[in-house]
Amino acid sequence: MDRRPQFEQFSDSPPTESEDVVIHVDSAATGRRLHHRHTTNGSIPHMSNTDKRKARWENLLLAYKTLGVVFGGLVTSPLYVYPSMPLMSPTEDDYLGIYSIMFWTLTLIGVVKYASIALKADDQGEGGTFALYSLLCRNMNIGILSSRPSNPNEGTEKQSRLAKFFRKSIIARRLLLFISMLGMCMVIGDGILTPAISVLSAINGVKAPFPSIGSSLVEALSAVVLIILFLLQKFGTSRVSFLFSPIMGAWTLCTPLVGIYSIISHYPSIFKAISPHYIFRFFWRNRKEGWVTLGGTVLCITGSEALFADLGHFNRSSIQIAFLFTIYPSLVLTYAGQTAYLIKNPNDHRDGFYKFIPTTIYWPIFVISTLAAIVASQSLISATFSVIKQSVVLDYFPRVKVVHTSPSKEGEVYSPEVNYILMVLCVAVILIFGDGEDIGNAFGVVVSLVMLITTILLTLVMIIIWRTPPVLVALYFFVFFVMEGVYVSAVFTKITEGGWIPFAISFILAFIMFGWYYGRQRKIEYELTHKITSDRLGVLLSDPRVQRVPGFCFFYTNIQDGLTPMLGHYIKNMKSLHQVTMFTTLRYLMVPKVAPHERIVVNKLGLKGIYGCVIQYGYADPLNLEGDDFVSQVTNSLLAHIQDGSGCLPSDPAEIQREISYLEEARSAGIVHVRGKTRFHIGKSCGWFDTSMLAFYEVLHTNCRSALPALGVPLPQRIEVGMLYEA
């Protein structure tokens, strides 16, 4: 079964000012469903004092749990920030300028952009680059994958001029799609680089007490730790996830305490560097060298995207509480302590973290830092699995196996193919680019580009959806686009020194995504052009040579407006159709989750025993219908629909009973699932672009997994019908 979302038919009508909007968010952290209620007119629903106290305690508990899931990459950044900077004989003023840059980067990007602005741009409780994209698509009423232009006059009365421009311009829509795809590719690149640099930086701590240990041994140990971590992914994290928050909590508490000790011992006046004039002095004195240093400085904010991307697992308040009251102060104090030590020991920046740890607590900190690096790596690996799953269900990416490793936490997923590819790439990065500075250069590219993409998408949200005053939009865009643009320009100078790694990974992923997307588009266009109408199906079935055979058939189709051309091919060659045939379409909507009562939609297509079924999913929903359970849910929905007597179905009780008996008879005769196995016939008339892209799509399609196993369909019940589509 080939899947493609039909988003053009889905629109989201905004609620009136008096309506309550209830957002249901499944929490991967708590294993239960959270209900966040707010109103569009800004009023707060009435809550008793007991409920308010309970809600506050729940938020505090969630805030504690975010330490082990959301902030792993961000709070462990002190391990590798200073070692990633190309510093040459730094002075006291240099270190004060660097600390000032880090302080204001954490404050402006962390506190202002992500904690205060981005968290409000959720898509029904979900966050991240793709959530912003789906939010924009739905509010502009544009199709996510459609190449045909939307009706420029449909629902545009209250839209901004920018939204109307996107509706009319296919180039603008594809550019928006490309930017969002690039953001997803960079997140996957983050899942490769974060484990590599975090674990390598943590294990590097063994070199200080044992100088005889060489870099090769450290790299080998880091590779072994990562291999073990990846091999354990198939068991899921449910059994050990309760340890994540205590480990990260210990790290978040210990490092600032060490920082305070270092400040008192080495440079008590370090906080004078908060004054921005130290930044101007730093760049005035160092000029180009200072600008190049930004490639390492930007790593202080690495992992900040997780504040927004993991919003669907928690809620806005819990993430804000954790960041503002624990993570942000911890980082400010830790970097202050590191800088204070380095001012007195300016040449120790190559090992800027472990050098400032007092000898008496060195080994406890080493153990905590290693465990924290592993937890941070796990967080990014899990995030990569989630992004891949999201891309697969929306048909951006070839189908891979996705396994839910926890019965209670639907956010915990695992993909064997992706897992082993990540493992190979992570180990290769460590063994080939063992130098932490080279990996840091690559990491800087990912961090800065993801932040820049988020800034662009948030600006569009402000203009199109929030209708923010132009002055505030211009202020936001100027401050953050310029700031992050300078960071991007600095990391681009490191392309030849490791910065090419994420570009290579992103280019390969983007090429795979685009090739798959292009082939799916061409296939859908062919099916819409050659679709079978209900009238045509009636003509085919009226042929006396065509028999209706016993059994219940699920016939999978990509399109809802008509039936797949595969049906005509099947009937003409098999000369038969099952007694009851259910034309089934999986439809992925541009919403995070679909309510259970809206999951399965059935209808009668006007012919005896012929029905249509649409199974609707959001991009954050698990595809959890399995085998007999799937068949039972669909048939129960159909029985309920027949008993209601709605639509084209009979309203006479006797006729309804005959229809139900006919359905039960067909089901007892046996279930069969029919899907198309289509290929493109690439003729000589095709241009070079079509020839190359469709050939690449065929390679991907041949080697990807079938969609039917996702529904748990037993092998004996499957039938695949081959057909060539003319390209």
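**A nonpolar surface patch formed by Val 224, Ile 228, Leu 232 and Phe 235.** In this predicted model, these four side chains make a patch of about 390 Å² on the surface. One of its members, Leu 232, is placed in the loop that runs between α7 (215–231) and α8 (244–266). Leu 232 has a relative accessibility of 47% and is therefore classed as partly exposed, since that class lies between the limits of 20% and 50%.

**Strand β9 and its pairing with β5 and β10.** Strand β9, which spans residues 671–681, is mostly covered, with eight of its 11 residues buried. Strand β5 (residues 547–556) pairs with β9 in the parallel sense, and four bridges join the two; within this pairing, Phe 554 has His 673 of β9 as its bridge partner. Strand β10 (residues 718–726) also pairs with β9 in the parallel sense, here over nine bridges, and in this pairing Gly 676 stands opposite Val 721 of β10.

**The surroundings of Thr 581 in strand β6.** Thr 581 belongs to strand β6, which covers residues 576–589. With a relative accessible area of 0%, Thr 581 is buried, because the term applies to any residue under 20%. When neighbours within four places in sequence are left aside, the residues in contact with Thr 581 are Cys 553, Phe 555, Gly 609, Ile 610 and Tyr 611.

Key
Residues numbered from 1 in each chain as written. Predicted model: local features only at pLDDT ≥ 70, side-chain atom pairs only at ≥ 80, totals over all residues. Heavy atoms only, no water. Buried < 20%, exposed > 50% of the residue type's maximum accessible area, 1.4 Å probe, protein only. Pairing = 2+ DSSP bridges. Contact = heavy atoms within 4.5 Å. Patch = residues over 30% accessible without salt bridge, like charges linked within 9 Å, V, L, I, M, F, W, Y side chains within 5 Å. Areas by Shrake-Rupley, 256 points an atom, 1.4 Å probe, with all protein chains shown as cover.
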